[in-house]
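Hi,

Here is the structure I promised to pass on. Have a look at it first, and then read my notes below.

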Amino acid sequence: MNDQTTNWNVREDAPSFTTAERAVHALLAHKAEDVVVLDLRQGSDVADLFLIATGTSEPQVTALTKAVMDELREVGEKPLSTEGVEQGRWALLDYVDLVIHVMQPATREYYQLERLWNDAARLD
């Protein structure tokens, strides 16, 4: 388990952090589980942040990703690409500096993205 934790309140005021914060609120408002934000700025060119959340069923994964897209659209953010939203097992929303993964529990357990990015700091 990663011991690195960055306090959300002392984050840099980068747009990706503001976008992630809005996405987290949308996910939690729609009952997402195990929401984690990983700070990848020190170890990856893929994105600044990964947001990972669990939805317990195909309809919930779809609803969670649509809630995030609706929330972020209100502030002018549109994903560069999306994958898996309608299938509801693993949805990916790519906002360039922020990549959002919403998965069912079995999919999240199988791929273990948190372990892949184990050295990344987690934001609370």
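Leaving aside its neighbours within four places in sequence, which residues is L27 in contact with? I get A32, L51, A53, L64, V68 and V102. Before going further, please keep in mind that this is a predicted model. The average pLDDT of the protein chain is 88, and 88% of the residues reach at least 70. The stretch to be wary of is residues 5–11, where the pLDDT is below 50; the model still gives that stretch 16 contacts beyond near neighbours in sequence.

Now the overall layout. The protein chain has four helices and seven strands, and going along the sequence they follow the pattern β-α-β-β-α-β-β-β-α-α-β. Of its 124 residues, 47% count as buried. If you take contacts between residues at least 6 apart in sequence, 60% of them join residues at least 24 apart.

Back to L27, which is one of the residues with the most contacts inside the largest nonpolar core, along with L51, V68 and I100. That core has 24 residues. The elements giving two or more residues to this core are α1 (15–29), β3 (49–54), α2 (58–73), β5 (90–94) and β6 (98–103). The largest share, six residues, comes from α1. Another core lies apart from this one; it has eleven residues, including L40, F50, M103 and L113.

The two helices named above also pack against each other. On the α1 side the residues involved are T19, R22, A23, A26 and L27, and they meet L64, A67, V68, E71 and L72 in α2. The axes of α1 and α2 come within 9 Å and cross at roughly 135 degrees, so the two helices count as oblique to each other. The crossing of α1 and α2 is right-handed.

One more residue to click on is V35, in strand β2 (residues 33–39). Is V35 buried or exposed? Neither, quite: with a relative accessibility of 25%, V35 counts as partly exposed. Not counting residues up to four places away in sequence, V35 touches V24, L28, L51, I52 and A53. For the last of these, the C-alpha atoms of V35 and A53 are separated by 4.4 Å, although the two residues are 18 apart along the chain. A53 turns up in the L27 list too.

Cheers

Notes:
Residues numbered from 1 in each chain as written. Predicted model: local features only at pLDDT ≥ 70, side-chain atom pairs only at ≥ 80, totals over all residues. Heavy atoms only, no water. pLDDT = per-residue confidence, 0-100. Contact = heavy atoms within 4.5 Å. Core = buried A, V, L, I, M, F, W, Y, C linked by side-chain atoms within 4.5 Å. Buried < 20%, exposed > 50% of the residue type's maximum accessible area, 1.4 Å probe, protein only. Axes fitted to C-alpha atoms, helices over the stretch in contact; angles between N-to-C directions. Parallel < 35°, antiparallel > 145°, perpendicular 65-115°, else oblique. Left-handed = near helix turned anticlockwise from the far one by under 90°.
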